[in-house]
Amino acid sequence: MIAEKKEVRPESPLIFEKSLPGRRGVRPPAVADVDLAELLGAENLRPEPPELPEVDELTLVRHYTGLSRRQLGIDVTFYPLGSCTMKYNPKVHEAAVALFADLHPYQAPETAQGALQLMYELQHDLSGITGMDATTLQPAAGAHGELTGILSIRAYHHSRGQHAQRRLVLVPDSAHGSNPATASMAGYAVKEIPSGPDGEVDLEALKRELGPHVAAIMLTNPNTLGLFERKIRQIAEAAHAVGAQMYYDGANLNAIMGVARPGDMGFDVVHLNLHKTFTVPHGGGGPGSGPVGVKKHLELFLPSPQVVRDGETYALDYDRPQSIGQVKSFYGNFGALVRAYAYIRMLGQEGIQKSAALAVLNANYLKELLKEQGYRIPFDRICMHEFVAQPPEGFKTVDIAKGLLELGFHPPTVYFPLIVKEALMVEPTETETKETLQTFAAAMGEILAKGKEWLEGAPYTTPVRRLDELQANRRPKLRWEKG
Amino acid sequence: MDYTPHTSQDLETMLTRVGAKNLRDLFGDLPQDLIFPDLDLPAPLTETEMMRHLRELAAKNSSAATSFLGGGLRAHYVPAAVVPLAARAEFISAYTPYQPEASQGLLQAIFEYQTMISELTGLPVSNASLYDGSTALAEGVLLALRETGRNKVLVSQGVHPEYRKVLKTYLDAIGAQLEEIGLEAGKTPTTQVSTEVGAVVGANPNFLGALENLAPLAEAAHASGALFVAVVDALSLAVLKTPGSYGADIAVGEGQPLGNAMAFGGPHFGLMAVKENLVRQLPGRLVSETTDVDGKRGYILTLQAREQYIRRGKAKSNITTNAQLTALMGAVYLAALGSQGLKEVAARSVVNAHQLAKRLTTIPGVRQITPRPYFCEFVLELPKNPSQVRSELAKRGIHAAVPLPSEYGHNLALFAATEVHTERDLAGLEAALREVLA
Ligand SMILES: Cc1ncc(COP(=O)(O)O)c(C=O)c1O
């Protein structure tokens with residue numbers, strides 16, 4: 001057969017467009033002739049079957065393999081997405097998870113002792129790494145952990161008869177959007193505190209807002225500029241002086257993982273993003289896991305159940321009368337917990353601290369390389385695991401991102417945090433080599449050299465080029481319709 | 001063992017370049033008295049040692065792959081193609097597709113997923129997934145309260161008890177009221193819906209496994225201006241009437257039966273589909289078809305003004321990371337089976353469940369509580385404590401009999417059957433239960 005002339009960017013048909021009535025893929029075990037109407041009641045049956053794709057297995061395999069080739073991930077290329085910690089996800093973790101795939105959450109606890117032991121030990125290890133007294137593994141992601149943590153704080157204030165008075169949650173203006181969104185979901189009003197000229201929380205501005213009406217302050221440290229909040233102890237002191245609680249958004253923990261513990265800095269609650277710091281794969285946007293650690297005075301309020309140990313036996317403890325309740329069915333995203341556990345066991349204290357330090361080194365090194373290429377660094381001092389850069393005067397960040405795509409890199413996080421114009425938030429992580437950082441910096445220089453006109457047209461050879469977002473917003477087409 | 005690639009030469013070069021003497025120098029901004037604490041962790045392991053340790057832990061569990069446990073998750077077969085395709089390196093190691101030119105693979109897969117969920121539910125708009133069934137319910141109810149501007153929720157006792165607990169947590173947070181509709185003879189009675197109620201919730205099949213005609217309840221909700229939220233069993237929609245056809249404004253459910261391992265309770269995915277008029281209230285990501293500058297078809301995240309990173313405190317939800325990979329497994333599963341295959345899985349599960357119920361109710365003292373018709377789960381009253389029965393069965397190598405919370409009655413246990421079970425499995429459970437109850 002003669003291969004057809006290859007189009008540079010062929011269209012990708014939907015799986016529905018490859019479907020042919022009567023084609024079969026995977027076949028389940030046979031059923032004898034059954035009369036579903038008799039078993040289920042004719043009035044309960046749908047008149048028409050759902051229109052699902054009808055394809056053979058090879059077509060299925062080629063379809064999804066083809067789609068995967070129109071997708072960038074860490075395994076394909078450098079992916080310095082700030083605030084997301086796109087570090088390498090060890091392959092052995094997938095083998096580890098497979099060992100626990102067939103457990104049912106309602107099987108008798110004595111038949112799932114290994115799984116419960118793993119959870120118990122992970123609760124302990126994460127408490128140790130964050131400097132907290134107790135940890136729940138139930139939340140399904142970072143934002144879910146935020147809700148769990150803020151509700152625990154709320155229950156605490158409630159238990160002290162201070163709920164009615166404390167109606168406000170403070171967040172810095174550099175905070176991630178999920179922080180204020182969480183506070184709203186927990187029924188709080190939110191106030192944003194402006195950052196100071198050094199990019200850190202303005203302590204005086206914060207003190208002006210603090211008072212007996214404040215329930216909590218939510219902070220990311222290092223903050224979303226990649227800077228460590230140097231006045232963290234004064235902030236915590238000021239908050240505690242008025243009875244407010246300190247919430248630590250752990251999305252940026254990778255910088256200080258095991259090097260400094262939020263609990264030691266004065267935080268009362270911390271959530272972790274296991275899919276960032278503890279290298280659970282991001283999966284194209286989840287599933288993740290967002291355990292929450294708290295200090296002793298908040299332990300009673302954590303979700304039910306907790307895994308407990310009685311002698312050599314592990315059990316689920318539902319007897320938690322002061323608990324905020326449950327935030328997810330069952331016990332959390334167990335598969336993510338296995339991966340994080342495997343990671344912590346392999347790294348140990350030494351590997352954890354070294355990984356954090358090298359994440360910081362990589363970020364600082366790349367910052368120097370980008371400066372050399374003409375990028376501006378609005379807050380130029382030793383950064384943590386990430387830093388925020390700006391393109392040279394006259395260049396737009398969106399164009400830089402699209403230019404990078406043309407050269408095969410995934411761009412950094414763009415236009416975040418909101419307090420820096422044309423922000424490029426760069427987080428290389430510790431698993432990248434010096435050569436990769438150099439190649440990336442060179443590419444960042446190369447796209448500037450190609451000039452604005454080239455950049456504004458980029459990308460050119462990706463599966464699609466710049467897409468019409470306005471059209472998608474005005475007339476969203478959210479599913480395939482039979483033609 | 002860690003995963004950093006730095007040689008000692010690299011370290012020297014890089015430290016010099018950033019103007020630091022050593023790694024500790026990089027942490028000069030931190031309070032110096034608290035850095036590098038002792039973490040109280042076991043010694044590091046190599047890959048080989050770690051896997052051996054995990055195998056030892058795994059050996060303390062017994063597999064529920066052919067179990068008769070139900071209650072939100074079941075032992076369905078995951079075809080061999082599902083995980084290798086969904087977990088391809090490019091998919092599993094990507095994050096949220098904010099850069100569409102680099103993410104057409106996932107975006108198209110999500111668009112296809114949205115279509116499949118829309119087909120299953122008979123509702124036009126599906127989002128890209130939520131964490132799980134329980135949080136999908138909570139988000140669905142919050143959506144209904146936003147849309148109606150009301151503050152009270154009526155939920156059937158037929159909804160999974162853990163889902164109701166999660167819902168209560170979310171509603172307590174915003175000071176909304178939750179009231180339950182008790183089951184009568186295993187089904188949800190149609191009740192009066194007052195005008196403070198913004199959402200009415202029912203499940204089909206319900207937690208006892210029984211099929212319910214929810215149309216009258218949906219009508220009662222609509223008559224007072226409330227929205228109706230249906231909790232569905234994703235697999236059942238291969239054969240059962242769609243929530244869209246009986247008046248649901250919002251359908252939510254657990255995706256596990258669609259190609260996800262049980263994994264001791266997670267991760268799986270939560271599905272949510274809504275009527276067209278609710279699209280701007282929808283939580284979570286949505287993908288739309290559009291065109292690129294050359295007029296070529298492509299896919300992109302859309303209506304992002306609903307989401308936290310644009311709208312911050314005014315967003316429809318705080319959800320950020322969702323359950324993309326497990327939802328992708330769901331999509332691959334549905335494409336692998338097609339509508340005929342899915343129907344066969346459902347039919348075989350239904351038939352097995354009915355044969356199992358027939359067998360088990362011949363045992364003295366065992367009585368079926370779930371009324372007919374029911375899907376592939378059912379509740380039995382046992383003459384003995386169900387937790388003990390579950391443990392006794394486990395000793396005989398069979399996982400079955402999920403104890404029901406006491407709100408449903410005394411000595412009740414839930415059983416499920418799926419397409420994985422054979423005649424021999426059913427007979428095996430019958431014999432074991434006979435022995436345990438003798
Ligand atoms: C700073 C920060 N906080 C919170 C979140 C929310 O975490 P998740 O996406 O796991 O819900 C993110 C990430 O996406 C983040 O970057």
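In this predicted model, 15 residues surround the ligand, and those that come nearest are Ser83(A), Asp249(A), His275(A), Lys276(A) and Thr321(B). The ligand itself sits between chains A and B. Three of these residues can be followed down to single atom pairs. Asp249(A) places a polar side-chain atom 2.5 Å from a nitrogen atom of the ligand. His275(A) does something similar with an oxygen atom of the ligand, at 2.7 Å from a polar atom of its side chain. For Lys276(A), an N or O atom of the side chain is 3.1 Å from an oxygen atom of the ligand. Taken on its own, the ligand has 380 Å² of accessible area, and the protein covers 98% of that.

Asp249(A) also leads into the sheet of chain A, as one of the residues of strand 5. This strand spans residues 245-250, and 6 of its 6 residues are buried, so the rest of the structure largely encloses it. Side chains in a regular strand alternate between the two faces of the sheet. Here, Gln245(A), Tyr247(A) and Asp249(A) lie on one side, with Met246(A), Tyr248(A) and Gly250(A) on the other, and both sets are buried, so neither face is left uncovered.

What does strand 5 of chain A pair with? One partner is strand 4 (residues 214-220) of chain A, which runs parallel to strand 5 and is joined to it by 5 bridges. Within this pairing, Ile217(A) has Met246(A) as its bridge partner. Add helix 8 (residues 232-241) of chain A, and strands 4 and 5 become part of a right-handed β-α-β unit. Another partner is strand 6 (residues 269-272) of chain A, again in the parallel sense, this time over 4 bridges. Asp249(A) turns up here too, with His271(A) in strand 6 as its bridge partner. The residue that reaches a ligand nitrogen atom with its side chain thus belongs to a buried strand and takes part in the pairing with strand 6.

Away from the strands, Glu110(A) offers another link between the chains. Its place is the loop between helix 3 (92-98) and helix 4 (113-130) of chain A. With a relative accessible area of 43%, Glu110(A) counts as partly exposed. Setting aside neighbours within four places in sequence, Glu110(A) is in contact with Lys60(B) and Ser391(B). With Ser391(B) there is a polar contact, side chain to side chain, at 2.5 Å. Within chain A, Glu110(A) and Gln306(A) are 16 Å apart from C-alpha to C-alpha, with 196 residues separating them in sequence.

Key:
Residues numbered from 1 in each chain as written. Chains lettered and ligands numbered in written order. Predicted model: local features only at pLDDT ≥ 70, side-chain atom pairs only at ≥ 80, totals over all residues. Heavy atoms only, no water. Buried < 20%, exposed > 50% of the residue type's maximum accessible area, 1.4 Å probe, protein only. Helix = DSSP H or I, 4+ residues; strand = E, 2+ residues; numbered from the N terminus. Pairing = 2+ DSSP bridges. Right-handed = clockwise from strand over helix to strand, strands pointing away. Near = heavy atom within 4 Å. Polar contact = N/O pair within 3.5 Å; in protein donor to acceptor, adjacent residues only side chain to side chain. Areas by Shrake-Rupley, 256 points an atom, 1.4 Å probe, with all protein chains shown as cover. Contact = heavy atoms within 4.5 Å.
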